[in-house]
Amino acid sequence: MAKHHVTTTVNGDEVEFLCDTHDTLLDVLRNELELTGTKEGCSSGDCGACSVTMDGRLVCACLVLGVEAQGARVDTIEGMARGEELHPLQEKFLEHAALQCGICTPGILVAAKALLERNPDPTETEVRYWLAGNLCRCTGYDKIVRAVMDTAADMRGA
Amino acid sequence: MQERVKDALARDFKYVGTRPVRPDGIDKVTGRARFGADFNMPGQIHGAVLRSPHPHARIKSIDASKALALKGVKAVVTGDDFEEQVSDFVPAGEMMVNYKDIVRNVMAREKALYEGHAVAAVAAINGRIAKQALKLIEVEYEVLPHVQDVIEAMADDAPLLHDYIFTMGLDETPSTPSNIAKRVEFGHGDLDAGFAAADHIVERVFDTREVHQGYIEPHACVANVAEDGQAELWCTTQGPWTVRAHCARLLGMDTSKIRVTASEIGGGFGGKTVVYLEPVALALSKKTGKPVKMVMSREDCFKATGPTSGTQITVKIGIKEDGRITAADALLKYNAGAFQGSPVGPGAMCAFAPYDLEHVRTVGFDVLSNRPKTAAYRAPGGPAAEFAVESVIDELARKIGMDPIAFRLKNAAREGTQSSYGPKFGAIGLTETLEAAEASDHYKAPLGPNQGRGIASGFWFNIGGETSVSLVLNEDGTLTLMAGTPDIGGLRASLTMMAAEELGIDIKDIRVLIGDTAVLGYNFLTGGSRATFSSGMATVEAARDIIREASARAAQLWELPEDAVVWEQGAARPAGPNAGDHEPMTLAQIARVAGKTGGPIVGYSRLSAQGAAPSFGTHIADVEVDPETGRATVLRYTVIQDAGRAIHPAYVEGQFQGGAVQGIGWAFNEEYIYGEDGRLQNAGFLDYRVPVASDVPMIDTVIVEVPNPAHPYGVKGVGETPIVPPMAALAAAMHDATGIRFTQLPMSPPRVLAALDEARAAGTAKI
């Protein structure tokens, strides 16, 4: 069967790709567009390692088909820093040592950014429930939650 | 809340004990870091594995002709493509592995021994065709009766997994094969006399289930074998050198022909110390002449890679009225899965390690069953053993109305104590962790209704071993540090800090890399909590190499004997006024003239790190139990552990916190659930539920520092001990809240509710 031609915007750039009907957005990002910062941990929407935003909505890229990206705006971890300037969340994750192996980090950063865009002053409980779809097996979440809260406080002050 | 109990010997360090940003941090927060599945080679094709649907079946024939006829399929491999191996034990982490088993686990030969056991693999031009081809491979199975329970598997009439396993460790090796691979025994003293002297004895039986390491990154690799047999292998692993050794052996290749590069590793916890896909990808690449990429699915990770053992453990401890232990005995039965090598040995050695005992014995059995072969999992064998022992300790303390910390202090192992497994302890910090627990706010805080508090201690051996590190002085005075133990949680940061501390230079002047197997001497894997200890020791040695050589170059220029030059604050200086009036020479100045004074300056250290010291920890846990649903919520949790000396305290805290939360998952949720058909029913993160952020509170930490005298910076391994105490601490807290002594893990809501119903009927429930 012929592949589908899809035009979409990824991290602000218009891109085109060809994909099979069953290819997920995760397959497309990693294999066609070579944006491997979005990780595959389960392919079933349970781990959140492939978190990206589509038209501003937080999704698991493994649960979205590549063809659904037609005309959409997709934002991934690769688009989070602006040139040499890291996003405040990225800065705080480094400062707080909120990562160990780092495999879940891109997904958690994308998810946390989506949280702070909706809720600039989240409680600890709100942070924990918002990030409940992102598994981290290394940190026990403590430093991740602190980094997100600290970023929120800084960004409110800024 | 994070606290540190400082050691008295601490001098003023510039970097050690501080919290700089890790050198690999930017890569990991921007998506740049390349993990196992993020690497591709030009012209690569894709491999996929056909797995047994049966828990136990004889493989009568495999016909791959239809698969090979499918357009785009390049090759199929089966067990015949790997070299048959003799029975031979080699070290792997804290455990031994046997190549006769490894070759069979990588690809089934005579029999499929568990659901998910690899029976064939295919390589095709893309992953979709590879998966289609798997369906065209015809395997004729003779389905055999299976056994999965550790006790049932030990029965004389149980279905037998292997005809080549005869129980080791008995006085006389039996003449008939058995599912009991090994018996181990440790201890000293006279148990009968010890129990005869006891005023109180408690004996209980505990059950724990298989739990998975649950690394978020699935296994992945790319293999490329050239026509002349030169091979490169990129993979996610804790030990590129051990991968190389295993692959060379299984494929009959020279070690020098295989160059293994470890990717960034997305969690391992022991589960990435062994090989699964790597030899298969090499075999497929060899057959096709193309690079072959393979990535495991999450379902396959659960079904076919190492969980740790389910266990049944009996513990019997006797005490005097004053709380002194008179005798301690444990019988440990560990489910190894389909091949020998459960962590029952270390479990048996760990069980009573926190105590100073006159009469003690542990006996363990390594038991085969139709489950995936277990692999190392963070302090392998320790958590189940100490769950059982610490639960009985808690019960005894309460029985005589003694505070559980006071009880432990009365019996605690100290420097000079003969451990239950043989050696005498050196500078250990168990009592310091207990005293810190006693002094903590947490231990004194009031509890509300339906709430309970528990405490437990734990221990892990920690290891050293073969290590190689290079440190190159570049032309401009900066340095390139290369270690061979993959960095899973901040290793690069701690190595850079130790090197900078030693050299007296800025950490920004050192770039640190993890080298591949072709550029350094042998490195044993990142495991056994050895990486910061061993690679740190080698890094310090390599830095001292640089100091010696740089000082010698300065001496040469100053026309002084070498002993008239000292290294201070990052520069060579005349040792005293007699040595003349020379301006100090920095590394940059020495590097600039290195070509004229003898050539490149390189530090290199290769050693077998000795003196790894055990790390003890004590955990305090508060839970609240919902009387209607049986769900337990962890309200507050504190980890107190001896780190020797924390090089980068944030990453030490991270190990404490991560281990505690893995333990919380083990205690309340995680377990392998098999059906009567021998098939795993929860092979995914939805049904095998690891803790999520909303399940847990902040994890408070107290770093106790009793420096390890054998390490230049006092380091003790810290990674594994934190998963040892949680299950017992939480079970004690559950008892405090409910009045029920839970002896089975996990303490999941249905199990807690059933126990509550039973206790309410008996009138013993507190809620």
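Q: How are the helices and strands of chain A defined, and in which pattern do they follow along the sequence?
A: Helices (H or I, at least four residues) and strands (E, at least two) are DSSP runs, numbered from the N terminus. This is a predicted model, in which local features need pLDDT of at least 70, side-chain atom pairs count only at pLDDT 80 or more, and totals for chains, interfaces and linings use all residues. Residues are numbered from 1 along each chain as its sequence is written, while chains are lettered from A and ligands numbered from 1 in the order in which they are written. Chain A has five helices and five strands, in the pattern β-β-α-β-β-β-α-α-α-α.

Q: Which radius of gyration does chain A have?
A: The radius is taken over C-alpha atoms, and the globule rule is 2.2 Å times the number of residues to the power 0.38. For 158 residues, a compact globule would have a value near 15 Å, so chain A agrees with the rule at 16 Å.

Q: What percentage of the residues in chain A is buried?
A: A residue is buried if 20 or more other C-beta atoms, placed from the backbone, lie within 10 Å of its own. Among the 158 residues of chain A, the buried share is 56%.

Q: Which element of chain B gives the most to the side that touches chain A?
A: Contact requires C-beta atoms, placed from the backbone, within 7 Å. Chain B and chain A each bring 42 residues to the contact. Elements of chain B giving two or more residues to this side are α1 (25-30) and α19 (649-668). With seven residues, the one that gives the most is α19(B).

How values were computed: Buried ≥ 20, exposed ≤ 12 C-beta atoms within 10 Å, placed from the backbone. Contact = placed C-beta atoms within 7 Å.
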